[in-house]
Amino acid sequence: MRLLSQQSPNRTPKAITPRDKKTVCKISNAERGQTVTAICCIQEGVFVPPALILPRKRMDRLLYKDEPNGNLALISDIGYMNSYLFIDWLKHFVKHAKPSTEDPVLLIADNHTSHC
């Protein structure tokens with residue numbers, strides 16, 4: 001048996017194989033280490049379509065070509081929520097939750113800086 005070790009994040013992880021095996025294969029995610037943020041919200045049986053924040057510099061509509069109707073497609077440099085994206089999501093939430101004076105909606109958010 002031989003042990004192949006991982007020297008850096010870009011190399012193949014450790015694998016134990018028989019000595020006579022010439023090819024060592026491993027299936028791994030091509031986008032390892034990237035974050036996609038999903039923002040989901042449900043209001044008493046009313047489902048607000050989710051928002052997905054992808055780590056990209058520019059929007060490519062082909063990424064969302066077959067998405068379900070109503071989803072909100074957003075991008076940020078690192079794939080996380082920021083104050084500007086939160087405002088976009090809040091508008092998306094109001095559009096689908098339809099709050100009014102007669103039927104108010106309470107939105108509870110954590111204390112993340114983008115929500116302030």
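Guide: Helices and strands are here DSSP runs, a helix having at least four residues and a strand at least two, and they are numbered from the N terminus. The model in front of you is predicted, and with those runs in mind we can place a residue such as K98, which lies in the segment after helix 1.

Visitor: Before we come to single residues, how many helices and strands does the protein have, and what pattern do they follow along the sequence?

Guide: A count of secondary structure gives an inventory, and its order gives a path through the chain. In this protein the inventory is one helix and five strands, and reading along the sequence gives the pattern β-β-β-β-β-α.

Visitor: Since the model is predicted, where in the protein is confidence lowest, and where is it highest?

Guide: Confidence is given for each residue as pLDDT, on a scale from 0 to 100, and it is worth looking at the average and then at the parts. The mean for the protein is 75, with 70% of its residues reaching 70 or more. Strand 1 (residues 2-4) has the lowest confidence, at a mean of 42, while helix 1 (residues 83-97) has the highest, at 90. Residues 1-7 have a pLDDT below 50, and in the model this stretch nevertheless has 25 contacts beyond near neighbours in sequence.

Visitor: What share of the protein's residues is buried, and what part of the accessible surface belongs to carbon and sulfur atoms?

Guide: A residue is called buried when its relative accessible area is under 20%, and exposed when that area is over 50%. Of the 116 residues in the protein, 24% are buried. The accessible surface comes to about 9,400 Å², and carbon and sulfur atoms account for 54% of that area. As for how the chain meets itself, 28% of the contacts with a separation of 6 or more join residues that are 24 or more positions apart.

Visitor: Turning to helix 1, which of its residues are buried, and why do they line one face of the helix?

Guide: One way to read a helix is to check its length and then look down its axis. Helix 1 has 15 residues and spans 20 Å from its first C-alpha to its last, which is close to the 21 Å expected at 1.5 Å a residue. Its buried residues are L85, F86, W89, H92, F93 and A97. Seen down the axis, these buried residues fall within an arc of 120 degrees, and so they line one face of helix 1. On the other side of the helix, Y84, K91 and K95 are exposed.

Visitor: Which residues form an aromatic cluster?

Guide: The cluster is made of F86, W89 and F93, each of which is among the buried residues of helix 1. A search of the whole structure finds two aromatic pairs.

Visitor: You mentioned K98; what is its phi, and is the residue buried or exposed?

Guide: Most residues other than glycine have a negative phi. K98 has a positive phi of about 50 degrees, although K98 is not a glycine. The residue is exposed, with a relative accessible area of 61%.

Visitor: Which residues does N71 contact, and is N71 buried or exposed?

Guide: A loop residue should be judged by its surroundings as well as by its place in the sequence. N71 lies in the loop between strand 4 and strand 5, and at 18% relative accessibility it counts as buried. Apart from neighbours within four places in sequence, N71 is in contact with P49, P50 and H92, and H92 is one of the buried residues of helix 1.

Visitor: Where do R58 and R56 lie?

Guide: R58 is in the loop between strand 4 (46-55) and strand 5 (72-76), and R56 is likewise found in the loop between strand 4 and strand 5. R58 is exposed at a relative accessible area of 69%, whereas R56 counts as partly exposed at 32%. Setting aside neighbours within four places in sequence, R56 is in contact with L63, I75, S76 and D77.

Visitor: What does V46 touch, and how many residues apart along the chain are V46 and H96?

Guide: V46, which is found in strand 4, touches C41 and H96 when residues up to four places away in sequence are not counted. V46 and H96 are 50 residues apart along the chain, and their C-alpha atoms are separated by 8.5 Å. At 36% relative accessibility, V46 counts as partly exposed.

Technical notes:
Residues numbered from 1 in each chain as written. Predicted model: local features only at pLDDT ≥ 70, side-chain atom pairs only at ≥ 80, totals over all residues. Heavy atoms only, no water. Phe/Tyr/Trp six-rings, centres within 6.5 Å; stacked < 30°, edge-to-face > 60°. pLDDT = per-residue confidence, 0-100. Contact = heavy atoms within 4.5 Å. Buried < 20%, exposed > 50% of the residue type's maximum accessible area, 1.4 Å probe, protein only. Areas by Shrake-Rupley, 256 points an atom, 1.4 Å probe, with all protein chains shown as cover. Expected span 1.5 Å × (residues − 1). Arc of directions from axis to C-beta.
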